[in-house]
Amino acid sequence: YLISEISTGEIVEILKSKEVLRAMKLSVITSLISLGIVVLFSVPVGYALSRYRVPGWAVVNAIVDAPLVLPPVVIGLSLLAFFGSPIGAPLRDAFRAAGFSLISPGGIVMCQFLVSVSYCIRAMKVTFDSVDTRLEHVAYTLGCSPWGAFRRVTFPLARNGLIAGGVMAWARAI
């Protein structure tokens, strides 16, 4: 069929089909779960990349950037190759024992996480870079612990960056 030969009614009928609705529901649910995990992971990693310099920082930076330039298909094939290799076999067997596989919802969440986490980490790093560290130091002098300064000063100032990173990560995951 050519797209011009399909009527609007047929398109609506296809979109209402049980298979399409199930696929859309699975995509939305797994991408939202993945988004939650991405945000929980990206905030501390983005903060650490922004505030601390350690030996090997360039390697960590390259690892974070790698999923940005790789197509999702390459990441998926890399996961299949890894879990099919002797190196990934023990992890694959442990996942299977737990009832987890790459084609289960848990595997879909893992793939979505790996494809989208770099976007949120980069957004969080840039956001934390833009928050003046002097504000954190002032909070320390007023009696805040490092966690208190982060929670009361840095994190509220980073809210818009967190939202932007979350939107980018969710869009990539979906």
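A residue counts as exposed when its relative accessible area is over 50%, as buried when that area is under 20%, and as partly exposed in between. Arginine 134, with a relative accessibility of 59%, is therefore exposed. The model described here is predicted, and the same terms serve for the other residues below.

Arginine 134 is a convenient place to begin with the charged pairs. Its side chain forms a salt bridge with aspartate 132, and the closest N and O atoms are 2.8 Å apart. Aspartate 132 has a relative accessibility of 29%, so this residue is partly exposed. In general, side chains of opposite charge can pair when their charged atoms come close. The structure holds 5 salt bridges, including the one just described.

Another of the salt bridges joins aspartate 65 and arginine 122, with 2.6 Å from N to O. Aspartate 65 belongs to helix 3 (residues 57–69) and arginine 122 to helix 6, so this pair ties together parts that are 57 residues apart in sequence. How are the two partners placed with respect to the surface, buried or partly exposed? Aspartate 65 has a relative accessible area of 29% and is partly exposed. Arginine 122, at 17% relative accessibility, is buried.

A salt bridge also forms between arginine 92 and aspartate 93, where the closest N and O atoms are 3.6 Å apart. Arginine 92 is partly exposed, because its relative accessible area is 22%. Aspartate 93 is partly exposed as well, with a value of 41%.

Helix 6, which carries arginine 122, also matters for the nonpolar interior. In soluble globular proteins, nonpolar side chains tend to be buried together. The largest nonpolar core here has 15 residues, and within this core Val38, Val43, Met124 and Phe128 touch the most other members. Helix 2 (18–51), helix 6 (105–130) and helix 9 are the elements that give two or more residues to the core. Helix 6 gives the most, with 6 residues.

Phe128 has a part in the aromatic contacts too. Ring pairs link this residue with Tyr47, Tyr52, Trp147, Phe150 and Phe155 into a cluster. Over the whole structure, 9 aromatic pairs are found. In one of them, the ring centres of tyrosine 47 and tyrosine 52 are 6.4 Å apart and the ring planes lie at 75°, so the pair is edge-to-face. Tyrosine 47 is buried, because its relative accessibility is 14%. An aromatic ring also meets a charged side chain: arginine 53 lies over the face of tryptophan 57, at 4.6 Å from the ring centre.

Helix 9 (residues 159–173) contains tryptophan 170, and this helix is also among the contributors to the core. Which residues make a nonpolar patch at the surface? Val28, Leu32, Trp170 and Ile174 do, and the patch covers about 340 Å². Tryptophan 170 has a relative accessible area of 32%, so this residue is partly exposed. That value fits the patch, because patch residues need over 30% relative accessible area.

The last stop is isoleucine 14, in helix 1 (residues 8–15). Isoleucine 14 is partly exposed, with a relative accessible area of 48%. Its C-alpha atom is separated by 23 Å from that of proline 105, and the two residues are 91 residues apart along the chain.

Definitions and conventions:
Residues are numbered from 1 along each chain as its sequence is written. This is a predicted model: local features need pLDDT of at least 70, side-chain atom pairs count only at pLDDT 80 or more; totals for chains, interfaces and linings use all residues. Side-chain values use heavy atoms; hydrogens and water are left out. Patches are made of residues with over 30% relative accessible area and no salt bridge: like charges are joined within 9 Å, nonpolar side chains (Val, Leu, Ile, Met, Phe, Trp, Tyr) within 5 Å. Accessible areas come from the Shrake-Rupley method with a 1.4 Å probe; for residues, only the protein chains shown count as cover. A salt bridge is a side-chain nitrogen of Lys or Arg within 4 Å of a carboxyl oxygen of Asp or Glu. Helices (H or I, at least four residues) and strands (E, at least two) are DSSP runs, numbered from the N terminus. Buried means under 20% relative accessible area, exposed over 50%, partly exposed in between (1.4 Å probe, protein chains only). Rings of Phe, Tyr and Trp (its six-membered ring) pair if their centres lie within 6.5 Å; planes under 30 degrees apart count as stacked, over 60 as edge-to-face and the rest as tilted. A charge sits over a ring if NZ of Lys or CZ of Arg is within 6 Å of the ring centre and within 35 degrees of the ring normal. A nonpolar core is a set of buried Ala, Val, Leu, Ile, Met, Phe, Trp, Tyr and Cys residues joined through side-chain atoms within 4.5 Å.
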